[in-house]
Amino acid sequence: MNTLGWSQAWAIARRDLHRQFRGLRLLLVCLFLGVGALAAIGSLTGAIRGELDAQGQVLLGGDFEVEVYQRPLTEEENAFLEQYGELSQGLRMQAMATTEESAAPVELKAVQDNWPLYGALALTDGRSTGAPAAGEAWVAQGVADRLSLATGDSFTLGTLPLTVGGIIAEEPDRLSEGFSLGQTVIVPLDVPGEAGLTQPGAMYETKTRLRFDGNYDPENVEEAVEDAFPEAGLDIRTRDRASPGAERFVSRMGEFLTLVGLAALVIAGIGIGGGVSSYLEARRAGIATLKILGATSSDIARIYALQIGAAALIGSAAGLVAGVAVTPLLASALGSLLPVDNALVIDPGALLRAAAFGLLVALVFAAPPIMRAREFPAMALMRSRVSPLGQGWKGAALPVALGLAGIAALALVGSPTPSLSALFLLGALAMLGLLALLGKAIREAARKWPRPSDPIVRAALANLYRPGSATGALVTALGFGLAAFVLLASVQTSLNGNIERSVPAIAPDYFVLDLPVDRLDEFNTMVEERVPGAQINSTPTLRGQVIAYGPEDNPAIVSEMEELPEGAWGLRGERGLTYATNVPQGNVLTEGEWWPEIYRGEPLVSVDEDLATAAGLQLGDIITVSVLGVEKTARISSFRRLDWESMGFNYVFVFSPNALADAPHNVAATVAFPDGAETGTLLRDLARTFPSSSVIEVGPILTEARNILDQVALAILAAASVAVLAGIAVLLGAIAAARAARIYDTVILRVLGASRGQLLGLQFAEFGLLAAILAGVALALGTGLAWLIITQLFEFDWLPDWPRILMVLAAGLVLVLVFAFAASLPVLRAKPAQTLRNL
């Protein structure tokens, strides 16, 4: 028997394919959502990574940067760097800008006259420029608004008067500077010294940037600098890592969003399988007729594969268009966090990858019903209402295997973290397998369950295991759909919990930096006189680098270690240090003993217990730190648990006073005002009385931090909603498919005298039984996945709001019953005589 050619098969397929894709709309919707999500995610993350790579030199302000605290680079260090190209010196610190009427904390950025080495500063008056002239400063719009400044006005920085040379519109290396505690003021390099801000012990950092004059590899230069100055405490960044924080954020967000897109596609795949099954079931008479007229099984597969393939292509294409269209909206939402243009972003690689994912998922889930239809004889198709078709998965094994292999290859090859993608794919397969086994278990349990006396419940129970029952498909669809609801609620509430804990409602009103040690009493008196009842907490502040730790007879040398122990971040680079007579407020001693109030023995140190565990430290071990180039060694006497949730002073290393008190240093203080207290001109007076100190208002900082975290949470919520929408579409499709399978049963029951109320009760009982069973499964699956996302991917704490999660799950159950009711109405309105004639 001759088979039809592709052109002949397409001619038949095209005639039968409804112009509005009736019967295949679920497939279209599912592919639209999944492909659209992946297209938008891939385009956005690709654009951001492209900007970070392309603008690495501009974002960093050079090809290479060396950062060090509380000192400039030495002549030897500068000479070593100059062999690679041109240097541009810089300094960063917190300071206070004042006028006669007000004061404002600022982030002071002192730059050499050749700044920036790449890019240009844009001012609001349209000028593109570099470093300000002597006696002038570029000020951020926020500083100008706070101090009522305009170009040409004067203000004071420390003890030095300056003139506003212009208002900053765009700062080329802003992103690489990281989170700031105030708006930027850019001044010439010598201003901090002339303003008296860099006294011994002052907290500042110098940033020396290098523009290569040859084709040097930044990694090789970094290795050379570290080998030449292993214990100098230098922090190095290169143009390839211009903004590590942004790159890490993009990487984590990209991984999460890609997994969300894949999850949406997996959920959509279930809908595709159900939709294709329903579509072919509705065309069983046509398939049987074609077989009677001589069509072979291959012809049937070819005709309906062409129909479904055409629908899949259109759904994927629509998803690609939607993904490209929505990318500017996502870019606008993240524009304040990341360097991304709000224009349309077309990334051919990302779009092709999204389309390939969609078509492969369609192949995997559509192949089984197509192969099942092609393998049955015409009479079996004709009798399918009363004698349902078998599963017939064997013929679909090859296309399903090829599709799964393609999906795995795309997920692993194109992923920045193949292990995470592989784990997700294995988890998705495990979930599908688990739900399939659960479906079988429910059918078996329903078959063996004692027959209830209520006829409606008895019929509903029988519907779960009778031949041709949709229990397996419904279990999979309901399980994934309800789990998507729980997952979204768990992720959202846990993120909100982290935001609430990380940005506390109760915090000090002022942070004061660089208070001279000998003027602390004067500061306390001034604050207490102006604001009675103010609570002041102060601590010495120093910077130092750990250079050795461990047993005294065999300490680990940090500079000789290729990689630090995981979690031992406190051993990396310059670190805040302090000394104290008593256990710091909010800290709890967990092991060891604190030194006496008057102590003159061997220098001691107390260490954060988490750092001690990560680094393998024991009581009696030694810690050697370099403070302003002087090595100081202390013995570990205790471990502490820190209160990171507070906004007080938390130091991983707290030394006994005799260990560090002789090093040049200043004091930092927090000030908390009573509720409703009037501060008047305190901020301005503090700036004038202590010109070398800087006062940071905590309120605006908390607001900015909360806004950033809210933006991140909103982006995650919006992305995760795609999976929920796919879950809703699958639920609708599964219920609609079940409705189509119920038409015959419903009509027979009506002929036998069943009322509409009884039939409606039957629907509610069946779906209610399934939903109740699957609620616990969805709760476990959804919260388990959310825990992995929150703790392993984003490295946040697991802080779900269980009452809200349970409310969302309950709402999902109600939604299932509402959908089931809506799907039942057309069945209840069906006329038995007309329906029986069409069977």
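Let's start with contacts. Take the pairs with a separation of 6 or more: 81% of those contacts in the protein join residues 24 or more positions apart. Keep in mind that this is a predicted model.

Now the overall inventory. The protein has 839 residues, and 52% of them count as buried. It contains 25 helices and 23 strands. Its accessible surface comes to about 36800 Å². Carbon and sulfur atoms own 58% of that surface.

Next, the interior. How many residues does the largest nonpolar core have? It has 47. Four residues have the most contacts inside it: Leu27, Ile272, Val276 and Leu280. Seven elements are worth pointing at on the screen, each supplying at least two residues of this core. They are helix H1 (6-16), helix H2 (25-54), helix H9 (244-282), helix H11 (297-334), helix H12 (348-374), helix H14 (397-413) and H15. Which helix gives the most? That is H12, with 13 residues.

Zoom in on Leu27. Leaving out residues up to four places away in sequence, Leu27 touches Ile272, Val276, Ile308, Ala311 and Ala312. Two of the names we just heard, Ile272 and Val276, are also on the list of residues with the most contacts inside the core.

There is another core, lying apart from that one. This one has 29 residues. Among them are Met431, Val486, Leu770 and Val816.

Let me move to a single helix, H4, residues 75-82. Which of its residues are buried? Glu77, Asn78, Phe80 and Leu81. They sit on the same side of H4, because they cover an arc of only 160° around the axis. Note that Glu77 and Asn78 are in that buried set, together with Phe80 and Leu81. What does the face turned away from the buried side carry? Two exposed residues, Glu75 and Glu76.

And what do the buried residues of H4 pack against? Three strands and a helix: strand S1 (64-69), strand S2 (85-88), strand S11 (205-212) and helix H8 (218-228).

Last stop, the surface. Leu404, Leu426 and Leu429 form a nonpolar patch there. Together they have about 280 Å² of accessible area. Look at Leu429. It lies in helix H15, residues 418-448. H15 is also one of the helices supplying at least two residues of the largest core. Is Leu429 buried or partly exposed? Partly exposed, because its relative accessible area is 46%.

Note on methods:
Residues numbered from 1 in each chain as written. Predicted model: local features only at pLDDT ≥ 70, side-chain atom pairs only at ≥ 80, totals over all residues. Heavy atoms only, no water. Buried < 20%, exposed > 50% of the residue type's maximum accessible area, 1.4 Å probe, protein only. Helix = DSSP H or I, 4+ residues; strand = E, 2+ residues; numbered from the N terminus. Arc of directions from axis to C-beta. Contact = heavy atoms within 4.5 Å. Patch = residues over 30% accessible without salt bridge, like charges linked within 9 Å, V, L, I, M, F, W, Y side chains within 5 Å. Areas by Shrake-Rupley, 256 points an atom, 1.4 Å probe, with all protein chains shown as cover. Salt bridge = Lys/Arg side-chain N within 4 Å of Asp/Glu carboxyl O. Core = buried A, V, L, I, M, F, W, Y, C linked by side-chain atoms within 4.5 Å.
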